[in-house]
Amino acid sequence: ANPSLLILPGDGIGPEVMAEVRKVADWFGSQGLVFDIDEDLVGGAAYDAHGTPLTDATMEKAQAADAVLLGAVGGPKYDTLDFSVKPERGLLRLRKEMDLYANLRPAQCFDALADFSSLKTEVVSGLDIMIVRELTSGVYFGEPRGIVTEGNERVGINTQRYTESEIARVARSAFELARRRGNKVCSMEKANVMESGILWREVVQKVHDEEYPDIELSHMYADAGAMQLTRWPKQFDVIVTDNLFGDLLSDLAAMLTGSLGMLPSASLGAPMANGRPKALYEPVHGSAPDIAGQGKANPIACILSFAMALRYSFDRGDEAARLEKAVEAVLAKGLRTADLLGEEGRQPVSTSEMGDAIVAALAES
Ligand code: NAI
Ligand code: MG
């Protein structure tokens, strides 16, 4: 059977950027790599059609697919809806029911955009690292939590809590990724001041020693990690960390390389029968209502999310690299959507012109 992909374009620029992914997928199809693609509604689009941001039928399709690719959800039209049917609830339901506990955020520098970074060109040039953030546990979910009154004042309480199995499974995700990349994992916590950090370090080391001794593992305190990420990020390959530190470090790492319109992501869960993890791929950006419907959106974040799906869900690392090289080639030629232009006064290309150029570069590669 062909690998199956469920595409959920969503709202705003979601359908616009997804149309460009379809062109790329169709091109791979013409080369013999055919996907069984199904497309469905999520977010505001699903609410408009069905009164819910994600139907049970769509949820079932997502559970059955080899991978899910999502555009973006939300928009001003839905801001006044009841919380229970807000567009983002569709996305949250997908993440929760698929139990996607490992959030992957790459920081990858395309040399043509190296001067777009706020860091020196030599610090980011050729950068290709991956942050793996634990997504379903930790201080954002731990109990007890709440605002309670003690004596004559209120106290805000959150609890950082990790079980051994929660740490072990995200560590495995990181080691598996490292095997497909540079064979190096750095685990970040604060074992110097946190009990959860002590356990984190111990469990990651144990999973390494017992299951992945071939991978180079190091440990770093998360605050030192933040410094090292801006000082010399190329020292890292895969970084694995908890929900809170990962939230901060992945945003920091993403901005090492530039624009929101360039950033892909993935959320992975437990391995399926085919050995590959449950997976949802999506650009980091939202539905960008300010530019929706104008052909201005940069499709590269979504196209690179598809490249991640090729590599991590479909075992097509060569094709993923080919697609990333096509993106690099198009950027090197000087093609820029409006978000990548800065003050240069160059003429921007449209969403579909960018997609067409990437397909053309693929065909030439
Ligand atoms: P946003 O990411 O949609 O937009 C932020 C800024 O970046 C805007 O100026 C936008 O035009 C620009 N931008 C974003 N993606 C771009 C692209 N591909 N090409 C060119 N420019 C791009 O974030 P914002 O404005 O905070 O949220 C807008 C809506 O999206 C809200 O309804 C929000 O809830 C939703 N949202 C959805 C997310 C998702 O589906 N995962 C994530 C973040 C926000
Ligand atoms: Mg964040």
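**Contacts, sheet and core**

Student: Take contacts in the protein chain between residues at least 6 apart in sequence: what share joins residues at least 24 apart?
Tutor: Bear in mind that this is a predicted model, where local features need pLDDT of at least 70 and side-chain atom pairs count only at pLDDT 80 or more, while totals for chains, interfaces and linings use all residues. Residues are numbered from 1 along each chain as its sequence is written, and chains are lettered from A and ligands numbered from 1 in the order in which they are written. Two residues are in contact if their C-beta atoms, placed from the backbone, lie within 7 Å. Among those contacts, the share joining residues at least 24 apart is 74%.

Student: OK, in what order do the 10 strands of the open sheet run?
Tutor: Strands (E, at least two residues) and helices (H or I, at least four) are DSSP runs numbered from the N terminus, and two strands pair if DSSP finds at least two bridges between them. The pairing here is mixed: β8 and β10 run parallel over four bridges, whereas β11 and β12 are antiparallel over six. The order is β2-β1-β3-β12-β11-β4-β5-β10-β8-β9.

Student: Which residue of β11 does Leu 104 stand opposite?
Tutor: β4 (residues 102-108) pairs with β11 in the antiparallel sense over three bridges. Across from Leu 104 in β11 you'll find Ala 266.

Student: How many of the eight residues of β11 are buried?
Tutor: Buried means 20 or more other C-beta atoms within 10 Å of the residue's own (12 or fewer is exposed, in between is partly exposed), with C-beta atoms placed from the backbone. Strand β11 (residues 264-271) is mostly covered, and its buried count is six.

Student: Which residue takes a positive phi in the hairpin of β11 and β12?
Tutor: Five residues sit between the two strands. The positive phi, near 90 degrees, belongs to Gly 275.

Student: Which helix gives the largest share of the largest nonpolar core?
Tutor: A nonpolar core is a set of buried Ala, Val, Leu, Ile, Met, Phe, Trp, Tyr and Cys residues joined through C-beta atoms within 7 Å. Of the 103 residues in this one, Val 68, Val 132 and Phe 306 touch the most other members. The largest share, 11 residues, comes from residues 300-312, helix α10.

Student: And which domains does that core lie between?
Tutor: Domain bounds come from an automatic or database domain assignment. Both domains give residues to the core, so it lies between domain 1 (1-112 + 258-365) and domain 2 (138-255).
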